[in-house]
Amino acid sequence: MASIKYLWNNRVQFDLFSKPFFICWAKRLLTFPELVKSSSRRKNLIKKGAKIAETAEIGIAKIEGKKEYLSIDAFTTLGRVEIALHEKVSIGKYVCINDGTVILSASHDVSDPLWRHKKVPVLIKDYAWIATNAIILPGVTIGKGAIVGAGAVVSKNVSDYAIVTGNPAKEIEKKRTNVLDYNPCDFLAANNAWLK
């Protein structure tokens, strides 16, 4: 969820003791425990050096490595994802990364006789959607508005508004619209309880 401070400052207000007032506060109370957990996850990552917008949504993510390598911009939502921070992972605005996604920023160099690590940054641009169980390999840039299909293994850059599927991921003919104006965080119940 967005930070508690952000939700409080931007909360919708209804007439005291009206029916919408009671419905709204019932929803807020029911979703409050998850709001506290999400806020705690964000604070812990920030305390360890990550740069995370106050409106970014951090699910139950497994984020290992140097936290200062992670940046997540406004209104982006991460589900139950895994991120290995050997190098920078930068995630733009309005990005949706679904459960099961794995983002890797290093691998072993198979042409090196010592099999050393090869560390390369990952960039995910605004409005990208990474579907369930996708794997993003080191050095990949996911373009603005691009879609990575469920279970896709992405080893090469994805163009703006392209849709890729499969293993290895390949671009399909269909393109995504290049006029995008939505907020993936709007679908979360706790945000709706405060902001709608």
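Here are a few friendly notes on this predicted model, from its core out to its surface.

1. **The main core.** A good place to start is the largest nonpolar core, which has 34 residues. Within this core, I83, I97, I124, I136, I142 and V148 touch the most other members. Strands β4 (70–72), β6 (82–85), β7 (89–91) and β12 (122–124) each contribute at least two residues to it. As background, nonpolar side chains in soluble globular proteins tend to be buried together.

2. **A second core.** Another core, of 6 residues, lies apart from the largest one. Its members include A2, Y6, L7 and W194.

3. **Contacts of I136.** If you would like one residue to centre your view on, try I136. Leaving aside residues up to four places away in sequence, I136 touches V102, I103, L104, V122, I130, I142, V148 and V154. Among these partners, I142 and V148 are also listed with I136 as touching the most other members of the largest core.

4. **The sheet.** Five strands make an open sheet in the order β3-β6-β9-β14-β17, and their pairing is parallel. At the edges are β3 (62–65) and β17 (153–154), each of which pairs on one side only. Between β3 and β6 there are 4 bridges, and I63 has I83 of β6 as its bridge partner. I83 is worth a second look, as it also belongs to the largest nonpolar core.

5. **Salt bridges.** The model has 4 salt bridges. In general, side chains of opposite charge can pair when their charged atoms come close. One of the bridges joins K175 and E171, with 2.5 Å from N to O; K175 is partly exposed at 45% relative accessible area, and E171 is partly exposed at 43%. Another joins R116 and D112 at 2.6 Å, N to O. Here R116 is partly exposed because its relative accessible area is 48%, whereas D112 is buried at 12%, a value under 20%.

6. **A borderline pair.** K62 and E64 also meet in a salt bridge, with an N to O distance of 4.0 Å. Please keep the cut-off in mind here, since a pair counts when the nitrogen is within 4 Å of the carboxyl oxygen. Both side chains belong to partly exposed residues: K62 has 44% relative accessible area and E64 has 46%.

7. **A nonpolar surface patch.** Finally, I4, F32 and V36 form a nonpolar patch on the surface, and together they have about 220 Å² of accessible area. F32 sits in helix α2 (residues 19–47) and counts as partly exposed because its relative accessibility is 37%.

Notes: Residues are numbered from 1 along each chain as its sequence is written. This is a predicted model: local features need pLDDT of at least 70, side-chain atom pairs count only at pLDDT 80 or more; totals for chains, interfaces and linings use all residues. Side-chain values use heavy atoms; hydrogens and water are left out. Patches are made of residues with over 30% relative accessible area and no salt bridge: like charges are joined within 9 Å, nonpolar side chains (Val, Leu, Ile, Met, Phe, Trp, Tyr) within 5 Å. Accessible areas come from the Shrake-Rupley method with a 1.4 Å probe; for residues, only the protein chains shown count as cover. A salt bridge is a side-chain nitrogen of Lys or Arg within 4 Å of a carboxyl oxygen of Asp or Glu. Buried means under 20% relative accessible area, exposed over 50%, partly exposed in between (1.4 Å probe, protein chains only). A nonpolar core is a set of buried Ala, Val, Leu, Ile, Met, Phe, Trp, Tyr and Cys residues joined through side-chain atoms within 4.5 Å. Contact means heavy atoms within 4.5 Å. Two strands pair if DSSP finds at least two bridges between them.
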